[in-house]
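Visitor: Please show me the model, and then we can go through its strands and its core.

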Amino acid sequence: MHAALVCVKRRPFAVEWSLLVTAFAGAPPPSPLFLDVTERAGIGFVHTGGSREKDYLLEVNGAGVVLFDADGDGDLDVYFPNGSTLDPPRGTPLARDALYQNLGGLRFKDVTAAAGLGDARWSCGASASDVDNDGDLDLFVANYGPDVLYLNRDHGRFEERADSGVEDPRWGSSCAFGDVNADGLVDLYVANYLEFDPVKVHRRGDPACTYKGEPVFCGPGGLPASPDSLFINLGGGRFRDASVEWGVRSVAPAYALGVLFVDVNRDGYPDVLVANDTMPNYLFLNEGARRFLEAGLYLGVAYNEYGVPQASMGVTAGDARGVGREDILITNYEDDVNSYYLAAENGFFSDASWSSGLGEPSYKRLAWGTFFFDADLDGRLDLFVANGHLMPQAAIAAFVPEGPARTAKTCTIHPSRKRLQQCL
Ligand SMILES: [Ca+2]
Ligand SMILES: [Ca+2]
Ligand SMILES: [Ca+2]
Ligand SMILES: [Ca+2]
């Protein structure tokens, strides 16, 4: 299972969610009821992700959230990675990551500055683990630009470790900790997305960049993919890049958006599953805590059951059938299903997206973060999926019928709900 908290992606707008409860035999299951208490709990964080129009690909990815006990008092605190803007108006304060301390009684307090946090780079994901084995949880943030490691110095007071060795300048999209070489120190896998230079990439409006007839941002197709990185923990908050010797660079670079440590073949060594956008997923088998062998195609998770690579975003694993093996759920784009891979005894997977009942409710939705949990407390794992689109223009494309009249329409996006307001 996961060796540490793992980043998930969250959409900054038009978010809806799916909660799929495992089916009962006999009596209907009780319906779990959840209330949104974000505001009441004192959490006022608002994610920044570039312009409303999303003129560039960089602006459309969310940043996820990390729940971890930052101050070591036994309850979960909340860390929000934050994005940024490409052309902020003069005088605009920088968008910063935020840490909310859990005060108990479902009350939280923004303690970002006091905690020594508040990264102002374009953050895309984060993960927490005890990097230096001193008993408290440290924090890694994946950025567009150099990533950053914060060591927890004293009950939730953090200090940036400037020479940690993980300051990868690539566009880090997600990250996870796991002890790949079995030396007792957690190592770090960083999923990197692609090479994005706003000076070189065309702005939305380029006639070559459309979606269902609407002008949208350009990419990811046509942009160079960035290779992922594996960092081996040296102790004391320092790492070394072991991507080449471990085989991470022996595969073609891909548009990675999600990463998960999971021991798929049950040999005691954590393997790494990488969800790639529009490209085959990777499954790195850990060969005796010495190196990885990429076996996604061989084991059945690289493509869907039709042999097609999917636009994968999120990934999670769980023993949803209670058989002692963890199945895998990978979230995908709209007009495609989320992929549910059943784990066989021998480490192979089979695509059960439709037979599991997860295909139909996911087909029209664009899905991001996901995790298993027992929502109705019946002892069986249920599944949460965060849905949301990355193009505001998709609402127009969805609502305006095809045909000649379409070109005469002017549509606006509602400023608060980000939905199609009117077409005149
Ligand atoms: Ca706490
Ligand atoms: Ca620590
Ligand atoms: Ca290690
Ligand atoms: Ca393994």
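Visitor: Which residue in strand 5 is the bridge partner of G104?

Guide: This is a predicted model, where local features need pLDDT of at least 70, side-chain atom pairs count only at pLDDT 80 or more, and totals for chains, interfaces and linings use all residues. Residues are numbered from 1 along each chain as its sequence is written, and chains are lettered from A and ligands numbered from 1 in the order in which they are written. Strands are DSSP runs (E, at least two residues), numbered from the N terminus. In strand 5, G104 has as its bridge partner R107.

Visitor: Over how many bridges do strand 4 and strand 5 pair?

Guide: Two strands pair if DSSP finds at least two bridges between them. Strand 4 covers residues 98-104, and its antiparallel pairing with strand 5 runs over four bridges.

Visitor: Which strands stand at the edges of the open sheet?

Guide: The sheet has four strands in the order 2-3-4-5, paired antiparallel. Two of them have a single partner strand each, so one side of each lacks a neighbour in the sheet: strand 2 (66-68) and strand 5 (107-110).

Visitor: Which strand gives the largest share of the largest nonpolar core?

Guide: Such a core is a set of buried Ala, Val, Leu, Ile, Met, Phe, Trp, Tyr and Cys residues joined through C-beta atoms within 7 Å; buried means 20 or more other C-beta atoms within 10 Å of a residue's own, with C-beta atoms placed from the backbone. Of its 98 residues, C175, L188, V259, L273 and I328 touch the most other members. The largest share, six residues, comes from strand 16 (residues 256-262).

Visitor: What percentage of the protein's residues count as buried?

Guide: The protein has three helices (H or I, at least four residues) and 27 strands. Of its 424 residues, the buried share is 46%.

Technical notes:
A residue is buried if 20 or more other C-beta atoms lie within 10 Å of its own, exposed if 12 or fewer, and partly exposed in between; C-beta atoms are placed from the backbone.
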